[in-house]
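Biologist: Please walk me through this model. I want to know what to trust and what holds together.

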Amino acid sequence: MAHDTITSVEVRRSRRRTATVSAYRDGERTVVAIPARFSRAQEREWVAKMLARLEDKERRRRPSDAQLVQRAHDLSERYLEGRARPSSVSWSPHQGRRWGSCTLVDGSIRISTRVQGMPEWVLDYVLLHELAHLLHAGHGPAFWQLLEGYPRTERARGFLEGVSFVQDEGGATPAPADDDEPAAAGA
Ligand SMILES: [Zn+2]
C-alpha cells in the first residue's frame with residue numbers, strides 16, 4: 001500500500017486474480033485499487049488514467065448551465081417529441097427541498113444544485129420532470145404518462161426519496177413521499 005500525502009491518493013494492491021483497476025473518492029482521499037501483479041510503471045500509468053477518468057466522470061455529473069440547456073433539449077427531443085421548449089435551464093442553490101422547479105409564465109427551469117454529483121440518470125429524470133411540467137402542470141396520470149418513455153423514472157424517484165430521507169430526517173422518520181417531488185412553481 002503506497003500513500004501519497006501530497007495528492008492524497010492511496011494505491012491498494014489486490015491479490016485477487018480477477019482484480020480489476022478501480023478508483024473512488026473516500027472523503028478527502030482518492031483510493032485506486034490495482035492488481036498486485038502490476039509493475040511500478042503500470043501502477044503509475046493506471047493511477048494517472050483512473051484519476052483522469054474519475055475527474056471526467058465528476059465533470060459530467062456537474063454540467064454547466066450551457067450543458068444543462070443542451071441536455072434538456074436532447075431529453076425533450078427524445079422523450080417528449082421536442083414539445084417542451086424551456087426558455088432557460090439553470091442550476092439554482094435556492095430550491096429548498098425541491099429538486100427542481102419551472103415557471104410556466106416564462107418557461108424557465110431551475111435545477112437544484114443539490115442534484116450536482118448525483119448519477120446522470122437522476123439528473124435526467126429531474127430535468128425531464130420539469131420539462132414535462134411545461135406541458136402539464138399537475139401530478140395527475142396525464143403528467144406521469146409524459147414520463148413513461150423514460151425507463152428510469154421509478155428508479156430515480158426512489159433514489160431521490162432515499163436522499164431526502166437521509167438528509168431531512170436523518171433516517172429517523174420517513175418523510176411524506178409527495179413532498180419530495182420536484183414541484184412546479186406557480187403551477
Ligand atoms: Zn412535479
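Below are questions on confidence, the cores and one helix.

Modeller: This is a predicted model, where local features need pLDDT of at least 70, side-chain atom pairs count only at pLDDT 80 or more, and totals for chains, interfaces and linings use all residues. Residues are numbered from 1 along each chain as its sequence is written.

Biologist: What is the mean pLDDT of the protein?

Modeller: pLDDT is the predictor's confidence in each residue, from 0 to 100. Over residues 1–6 it stays under 50, and over residues 173–187 it is below 50. Still, 85% of the residues reach 70 or more, and the mean is 85.

Biologist: Which element gives the most to the largest nonpolar core?

Modeller: Such a core is a set of buried Ala, Val, Leu, Ile, Met, Phe, Trp, Tyr and Cys residues joined through C-beta atoms within 7 Å. Buried means 20 or more other C-beta atoms within 10 Å of a residue's own, with C-beta atoms placed from the backbone. Elements giving two or more residues are α2 (65–79), β7 (108–112), α3 (120–135) and α5 (153–169), with helices (H or I, at least four residues) and strands (E, at least two) taken as DSSP runs numbered from the N terminus. The top contributor, with nine residues, is α3.

Biologist: How many of the 16 residues of α3 are buried?

Modeller: In soluble globular proteins, nonpolar side chains tend to be buried together. α3 is mostly covered, and its buried residues number 13.

Biologist: How far apart are the end C-alpha atoms of α3?

Modeller: The expected span is 1.5 Å times one less than the number of residues. For the 16 residues of α3 that gives 22 Å, which agrees with the model's distance of 23 Å.

Technical notes
Two residues are in contact if their C-beta atoms, placed from the backbone, lie within 7 Å. A residue is buried if 20 or more other C-beta atoms lie within 10 Å of its own, exposed if 12 or fewer, and partly exposed in between; C-beta atoms are placed from the backbone.
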